[in-house]
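Let's take a walk through this one together, starting with the overall layout and then stopping at a handful of residues.

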Amino acid sequence: MIRSLHIANYALISELDIEFAKGFNIITGETGAGKSIILGALSLLLGGRADTKAVRDLSRKSVIEAWFDISDAPGVAELLAYYELADASSECILRREIAPGGRSRAFINDTPVTLPVLREIAEKLVDIHSQHQNLLLASPEYQLNIIDNLAGTRELLDEYHKAFAAYRVTLKQYTETRELIRRNRDDAEFLQFQYNQLAELNLVAGEHAALESERDILANVGEIKSTLGQALDPLINDPGNALTAMRQAVDALEELSATLGQTSGATDFHALAERLESARIEVSDIVDTLTDVDVSLAADPVRLQEIEDRLSTLYSLELKHHVDSSDELIALRDKLKSQIDALDDSDNVLSILERAAKKAKKIAINLAAAISEKRTAAAAEFADELRRTASPLGMSNLRCEISLTRGKLGQDGFDQVQFLFAFNKNQALMPVGNTASGGEISRLMLAIKTIVARHMCLPSIIFDEVDTGVSGDIAARMAEMMASISRNIQVITITHLPGVAAAGTTHFKVYKEDDETATNTRITRLDEERRIEELALMISGKPHDEAARANARALLEAAPRF
């Protein structure tokens, strides 16, 4: 239930706080006092569109905040936990802020959230029933939702949704594979040609880069050998080459070592000779390597041409297949082989996928049939209950039929629902949008809400002038119906009818008040005496008229109490 609502800097509201009660809350006030403003602010908490024109003072933001007791709200605590928005208490705080520049932000328990998340949670906490919502009664989705609520199909629908999703996945696999095989069969000869062309090349991983490296060497043998000579000449070819000089130096150091021995404090020439000999061996090894390379290099025009021809073939195929290397050509070759092999086994593959799709569809159909059975039973009961409930609301000739026909398997099963009504004895059954007046739809919706409230726990309901266009006994019946709903859930009703207002257990009055600079919308909770004045004002336009006050007292005494 809604415990309290805070509105700041919104339209005619500078600052406003409402503490709602359990049961049947009534909101009255003259036309233009601001009742619709309060409702509009509350609609923002349901994810409604924010309008910057509603920001009263452009120097600060508008804030709408509501506190909800969720101890009796099924599924809300779990949903808050899912979005990591839960706290240790049994309350939930929704807030919407609108900046002067138009930017809107939403919060749940002081945590920023997206509008879809705000809307998802808010819809489980409050249901605003307005003239706009009456249009929903003609919507097949809304009608099916009513039947599902009464039929108790939630668990079955959850199971069906999973089965239907699995069916769609298997069906997609089957159809896509079938189409791929069809295309591959059309292109079978071309696929085989492409594969043969690549297979005959006997491609080797890394071949492209290796061939380019070998080609660069063969194409530049003369220059490479000349450069190698420049490296080898000072090392071994020149008369005073490095290796000869290093050998002579090693011999000299060994001679010094023999002559001086290990005299204390003298340089260790033997150690130096060993170090120099180690360096000479390293240089000699380098010389051997360079010499081997020099010897191995020789101009080979035949091999060079072979490489050029091979690279030309690779370049051509890489360009043709839009790849960059021989490794990618190998991957393509293997893929083509897999496609060709798959064609050979395609009938078996398709048969397996088709069986899987049929099995998944059968599971979904069986669940849809179980759901349909529950819906059919609930629809018949609902039609009877709706006739009984709506009859006291001036619709004694109402006939109702809930038509459930079987259509294509879809997200919610295969049932297509249509509510058919006739309001007069000689009238044919027709869809509600084609036969009912605005007042009749309002009364139908009230009857539907009453029925649903009997069978399940609903969020708090706000009725926005649902009694427009009715009076007398029908208005009294509507008041009794709303009061009856309030036994199980919190009801907030905005009304202009004194008979409906008298049925409430808590009564608020919305009014406008002028100060030196602006007009402000205010709200106050009425005590017994002020409630009599308000009802008298609604009856006669005169709050102190004794006859009207007596009538007001009589209405309060006769009002239904549950």
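Before we begin, a word on labels: helices (H or I, at least four residues) and strands (E, at least two) are DSSP runs, numbered from the N terminus. Also keep in mind that what you're looking at is a predicted model.

With that labelling, Glu84 falls in the loop that runs between helix H2 (76–82) and strand E5 (91–98). Its backbone is a bit unusual to look at: Glu84 has a positive phi of about 60 degrees, although it is not a glycine. The residue is exposed, because its relative accessible area is 71% and the cut-off for exposed is over 50%. Ala11 makes a good companion to Glu84. Ala11 isn't a glycine either, and its phi is positive at about 55 degrees. You'll find Ala11 in the loop between strand E1 (2–10) and strand E2 (13–19), where it is partly exposed with a relative accessible area of 26%.

Now zoom out. The protein chain has 20 helices and 15 strands. How are they spread in space? The radius of gyration of the protein chain is 45 Å, well over the 24 Å that the globule rule gives for 562 residues, so the chain is more spread out than a compact globule. You can see this along the principal axes too, where the C-alpha trace spans about 140 × 75 × 40 Å.

What about the inside and the outside? Of the 562 residues, 42% count as buried. The accessible surface comes to about 29,600 Å², and carbon and sulfur atoms account for 51% of that. On the charge side, there are 61 positive and 86 negative side chains, with the centres of the two sets lying 14 Å apart. As for how the chain meets itself, take contacts between residues at least 6 apart in sequence: 71% of them join residues at least 24 apart.

Next, the nonpolar interior. The largest nonpolar core holds 59 residues, and those touching the most other members are Phe382, Leu386, Ile402, Phe419, Phe421 and Leu444. Helix H16 (residues 438–455) gives the most to this core, with 9 residues. Ile402 is a nice spot to sit and look around from: leaving aside neighbours within four places in sequence, Ile402 is in contact with Ile147, Ala379, Phe382, Ala383, Val417, Gln418 and Phe419. There's also a second, separate core of 48 residues, which includes Ile37, Ile108, Val126 and Ile462.

Arg375 deserves a stop of its own. It belongs to helix H14 (residues 346–390). Is Arg375 buried or exposed? Arg375 counts as buried, because its relative accessibility is 0%. Not counting residues up to four places away in sequence, Arg375 touches Leu144, Ile147, Asp148, Ala151, Thr153, Leu157, Leu404, Asp412 and Asp415. Ile147 turns up here as well as among the contacts of Ile402.

From there, move on to Pro459, in the loop between H16 and strand E12 (460–464). Pro459 is buried, since its relative accessible area is 18% and the cut-off for buried is under 20%. Which residues does Pro459 touch, not counting those up to four places away in sequence? They are Glu123, Lys124, Leu125, Val126, Asp127 and Ile489. Of these, Val126 is also a member of the second core. For a sense of distance, the C-alpha atoms of Pro459 and Arg388 are separated by 24 Å, with their positions 71 residues apart along the chain.

Three more helix residues round out the tour. Gln173 sits in helix H6 (residues 154–186) and counts as partly exposed at 41% relative accessibility. Gln173 and Ala357 are 184 residues apart along the chain, yet their C-alpha atoms are separated by 8.5 Å. Ile281, in helix H11 (residues 269–296), is partly exposed with a relative accessible area of 48%. Its C-alpha is 9.7 Å from that of Met246, which is 35 residues away along the chain. Finally, Tyr82 is in helix H2 and counts as exposed at 63% relative accessibility. Tyr82 and Ile441 are 359 residues apart in sequence, and 37 Å lies between them in space, C-alpha to C-alpha.

Definitions and conventions
Residues numbered from 1 in each chain as written. Predicted model: local features only at pLDDT ≥ 70, side-chain atom pairs only at ≥ 80, totals over all residues. Heavy atoms only, no water. Rg over C-alpha atoms; globule rule 2.2 N^0.38 Å. Buried < 20%, exposed > 50% of the residue type's maximum accessible area, 1.4 Å probe, protein only. Contact = heavy atoms within 4.5 Å. Areas by Shrake-Rupley, 256 points an atom, 1.4 Å probe, with all protein chains shown as cover. Lys, Arg positive; Asp, Glu negative; His and termini not counted. Charge placed at Lys NZ, Arg CZ, Asp CG, Glu CD. Core = buried A, V, L, I, M, F, W, Y, C linked by side-chain atoms within 4.5 Å.
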